[in-house]
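Colleague: Before we look at anything in detail, could you walk me through how to read a ligand site and the pocket that goes with it?

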Amino acid sequence: MEEELRGLAEKLLRRAEAVIAHAHAPHSRFRVAAAALPGGSEEVFVGVNLESDTYGATLCAERVALGAMVTAGFHRLRAILVLTEGDEPAPPCGICRQLISELSQGEALVFGAAGGRLVVWRIGELLPHPFRLKEEG
Ligand code: THU
């Protein structure tokens with residue numbers, strides 16, 4: 001990974017590491033933390049996975065982080081890092097890929113971190129054919 005991207009990933013990783021212990025994962029016991037960086041800002045928004053007894057209401061860490069970012073008024077995502085337990089970095093699930101694609105117009109960098117490993121994808125390679133609502137007018 002090139003130097004500049006690694007620097008960005010490490011900054012996001014530190015933020016994700018600071019909150020992963022807060023993950024609410026009583027069912028899977030698989031803790032995840034995400035750190036989202038909007039375009040045109042240095043502010044980072046974090047989230048952890050939030051599991052529900054209904055299972056279906058479970059929220060991924062990515063969507064919790066993106067919700068915080070949008071709530072703060074940022075609608076354009078530049079980069080998001082996903083920190084998972086285990087040895088292999090995990091790319092986001094399909095639902096999160098869709099939202100990452102929408103919030104970045106298909107441009108976001110997606111970092112995966114686990115077990116000391118750091119990888120980078122572009123959302124366009126993870127979701128090459130996103131759903132888009134037909135533009136009005
Ligand atoms: N999970 C995430 O938080 N992000 C992903 O991209 C994939 C999965 C969470 C959801 C659930 O709490 C646990 O990981 C196991 O699926």
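Modeller: This is a predicted model, and a sensible place to begin is the shell around the ligand, made up of Ser28, Phe30, Val32, Asn49, Glu51, Thr58, Cys60, Ala61, Glu62, Pro92 and Cys93. Sorted by class, that shell has six nonpolar, three polar and two charged residues.

Colleague: Which side chains have an N or O atom close to an oxygen atom of the ligand, as Asn49 does?

Modeller: In the side chain of Asn49, an N or O atom is 2.9 Å from a ligand oxygen, while for the side chain of Glu51 the corresponding distance is 2.5 Å, and a polar side-chain atom of Glu62 lies 2.6 Å from an oxygen atom of the ligand. As for cover, the ligand on its own has 370 Å² of accessible area, of which the protein covers 77%.

Colleague: How is empty space found in general, and which pocket does the ligand take up here?

Modeller: Rolling a probe the size of a water molecule over the atoms shows where empty space is left. In this model, the space that the ligand takes is the largest pocket, with a volume of about 190 Å³.

Colleague: What lines the largest pocket, and which residues lie nearest its centre?

Modeller: The lining consists of 16 residues, and Phe30, Val32, Cys60, Glu62 and Thr84 are the ones nearest the centre. Two elements, α2 (61-71) and β3 (77-84), each give two or more residues to this lining, which divides by class into ten nonpolar, four polar and two charged residues.

Methods: Residues numbered from 1 in each chain as written. Predicted model: local features only at pLDDT ≥ 70, side-chain atom pairs only at ≥ 80, totals over all residues. Heavy atoms only, no water. Near = heavy atom within 4 Å. Polar contact = N/O pair within 3.5 Å; in protein donor to acceptor, adjacent residues only side chain to side chain. Areas by Shrake-Rupley, 256 points an atom, 1.4 Å probe, with all protein chains shown as cover. 1 Å grid on protein atoms, 1.4 Å probe; cavity = no way out; pocket = protein on both sides within 12 Å on 5 of 7 lines; lining within 4 Å. Sits in = over half its atoms within 2 Å of the grid points. Nonpolar A, V, L, I, M, F, W, Y, C, P; charged D, E, K, R; others polar. Points joined across faces, edges and corners; volume = space filled by probe spheres on them. Helix = DSSP H or I, 4+ residues; strand = E, 2+ residues; numbered from the N terminus.
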